[in-house]
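Here are some short exercises to work through with the structure open beside you. Try each task before reading its solution.

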Amino acid sequence: MVQRIYCRCLMCGKITMLKYQVGYADFPVVFTCPNCITEIRGIGENNDNEFKVSFDFENATIVDKLETPDYFLSASRELPTAHIKAYETSDEMAISPFIRLSNELGSLPDESMWRRAGRFSEKELANINRSLDLIKLWEQGKYDILAKQLRKELPSQYFPLNNTLEIYRGVHTRFVGFSSDLLPYHWIEQIQTFRKVKKLLTEHSSEAMHFIEIFEENDSFKSLEHKLYGTMDCFFRLVSGIIPAFLMFDCPTLRFNSNQYAISTISFKDLLNFYQKSYETILEASEVLIALNNISYRNDFDKLAGEQKKTFTERRNDSNKWLRLKQCLIETECFSELVVRMPHNRLRNSIGHFSTEFDGVKQIIQFIDIHNGDKREEKISLIEFAVLCIENFHTCFYLAEVIYQIRKWAFISAGDIPYLGDTTLFPPTHKKKIGRNDPCPCGSGEKYKKCCLLKE
């Protein structure tokens with residue numbers, strides 16, 4: 001059902017007719033008044049009993065249609081829209097984004113990122129907060145309290161939670177189960193962190209354990225995990241505003257023409273804050289990937305590729321982390337695949353030097369990077385910028401995943417024995433019945449039939 005409201009800008013008095021699709025969840029609305037360039041933000045609250053949405057706006061007020069509107073905007077919680085425009089009488093009968101994109105939507109499977117992101121956005125904020133609260137308990141070493149909380153949610157036959165390693169696996173499983181709807185459907189097969197780390201420890205066990213011990217001793221893994229989870233927490237709170245951007249992953253044609261589409265549910269400032277945070281986090285955490293590549297290809301976590309004079313340990317102190325990443329993370333080496341898209345230095349420089357301009361009407365961001373007198377400009381649409389933020393989230397998740405796979409071995413080397421662990425490393429033990437499609441108890445994140453069952 002499509003409904004219309006009319007909102008008057010409190011700054012200039014111009015009226016925008018807002019046409020929206022009534023759905024089953026509340027949603028944000030963000031747009032720019034074309035006349036005075038004031039950002040208007042609001043929340044649409046669904047009334048399930050009356051099939052109506054009530055709006056509450058900042059910088060605008062709801063009015064009756066007593067005069068011809070000045071502008072027209074088709075808003076959607078879930079879909080890309082057209083840009084705001086001058087009102088025409090024909091806009092009263094304009095087709096909704098749902099009808100306009102019906103062909104693309106009809107072919108999407110249930111496991112598409114867009115559909116799963118929509119389901120994620122309907123989770124209560126309390127669910128998001130609980131997931132991060134459990135992680136905080138882990139970071140603070142409150143293992144007894146954490147184990148008690150995890151027992152409420154995880155099946156005891158798979159999660160005994162009887163040592164630090166098993167509690168860590170419980171936290172990880174809870175987090176993956178909570179957030180995996182925001183990832184590509186086959187993300188486990190794509191990044192293969194479990195297999196990569198296991199291969200590393202099999203073929204380069206001495207050097208790999210040396211690296212793990214150094215990073216555990218100075219709390220590098222712990223510090224990086226804290227930053228990664230904090231960054232992902234920021235992203236979770238943006239999801240309800242960027243569902244249309246997830247559709248770009250499922251429909252490449254839409255992404256190719258992203259300049260033609262607008263997004264009516266997110267503010268540029270909100271995306272900008274996350275992009276800055278995720279950019280810095282990725283640059284810092286990628287040092288783990290550099291070290292793992294060094295071990296895999298040079299059997300020495302300190303030895304960099306090529307004829308670089310400095311060691312990796314020396315490069316860790318570089319003030320320009322982007323340059324370190326560019327020079328030390330070799331694209332063709334296996335752990336480099338975990339960076340979905342290399343951080344965009346020009347965009348970050350532009351943001352850092354306050355040389356970013358946003359046209360809220362056309363939803364175009366202009367990044368201006370001036371270095372040594374050389375001026376470089378780049379323009380992207382707001383919805384494409386949202387896509388970049390999603391890709392940064394994916395990279396942060398993959399970085400956290402590889403650190404998890406590595407840290408398990410630190411706990412094993414400290415004496416923790418995994419429940420139903422890898423039978424190639426530990427003596428056979430009595431195993432309770434596990435379903436073929438159940439999560440593998442070893443913590444790989446894969447189904448049992450695709451992991452440890454193959455080794456039996």
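**Exercise 1.** Which residues make a nonpolar surface patch of about 300 Å²?

Solution. Keep in mind that this is a predicted model.
- Step 1: the patch is made by I95, F98 and I99.
- Step 2: locate I95, which is in the loop between β8 (85–86) and α1 (97–100).
- Step 3: check its accessibility. The relative accessible area of I95 is 53%; exposed means over 50%, so I95 counts as exposed.

**Exercise 2.** Classify the ring pair of F27 and F55, and work out which parts of the chain the pair ties together.

Solution. Two values are needed here, because a pair of aromatic rings is described by the distance of the centres and the angle of the planes.
- Step 1: a search of the whole structure finds 30 aromatic pairs.
- Step 2: for F27 and F55, the centres are 5.9 Å apart and the planes make an angle of 85 degrees. Angles over 60 degrees count as edge-to-face, and that is the class of this pair.
- Step 3: F27 belongs to strand β3 (residues 27–32) and F55 to strand β5 (residues 52–58), so the pair joins parts that are 28 residues apart in sequence.
- Step 4: F27 is buried at 3% relative accessibility, and F55 is buried at 14%.

**Exercise 3.** Now do the pair W138 and Y143: is each residue buried or partly exposed?

Solution.
- Step 1: the centres of W138 and Y143 are 5.2 Å apart, with 40 degrees between the planes, which makes the pair tilted.
- Step 2: W138 has a relative accessible area of 7% and is buried.
- Step 3: Y143, at 30%, is partly exposed.

**Exercise 4.** Find a charged end that sits over the ring of F335, then explore the surroundings of L338.

Solution.
- Step 1: the charged end belongs to K196, 6.0 Å from the centre of the F335 ring. A further case is R255, over the face of F249 at 5.7 Å from the ring centre.
- Step 2: L338 is in the loop between α16 (321–328) and α17 (345–352). With 0% relative accessibility, L338 is buried.
- Step 3: leaving out residues up to four places away in sequence, L338 touches I191, T193, K196, L289, T395, Y398 and V402.
- Step 4: compare sequence with space. L338 and Q192 are 146 residues apart in sequence, yet their C-alpha atoms are 9.4 Å apart.
- Step 5: follow Y398 onward. Ring pairs link Y398 into a cluster whose members include F120, F175, W187 and F397.

Notes: Residues numbered from 1 in each chain as written. Predicted model: local features only at pLDDT ≥ 70, side-chain atom pairs only at ≥ 80, totals over all residues. Heavy atoms only, no water. Phe/Tyr/Trp six-rings, centres within 6.5 Å; stacked < 30°, edge-to-face > 60°. Helix = DSSP H or I, 4+ residues; strand = E, 2+ residues; numbered from the N terminus. Buried < 20%, exposed > 50% of the residue type's maximum accessible area, 1.4 Å probe, protein only. Lys NZ or Arg CZ within 6 Å of the ring centre and 35° of its normal. Patch = residues over 30% accessible without salt bridge, like charges linked within 9 Å, V, L, I, M, F, W, Y side chains within 5 Å. Areas by Shrake-Rupley, 256 points an atom, 1.4 Å probe, with all protein chains shown as cover. Salt bridge = Lys/Arg side-chain N within 4 Å of Asp/Glu carboxyl O. Contact = heavy atoms within 4.5 Å.
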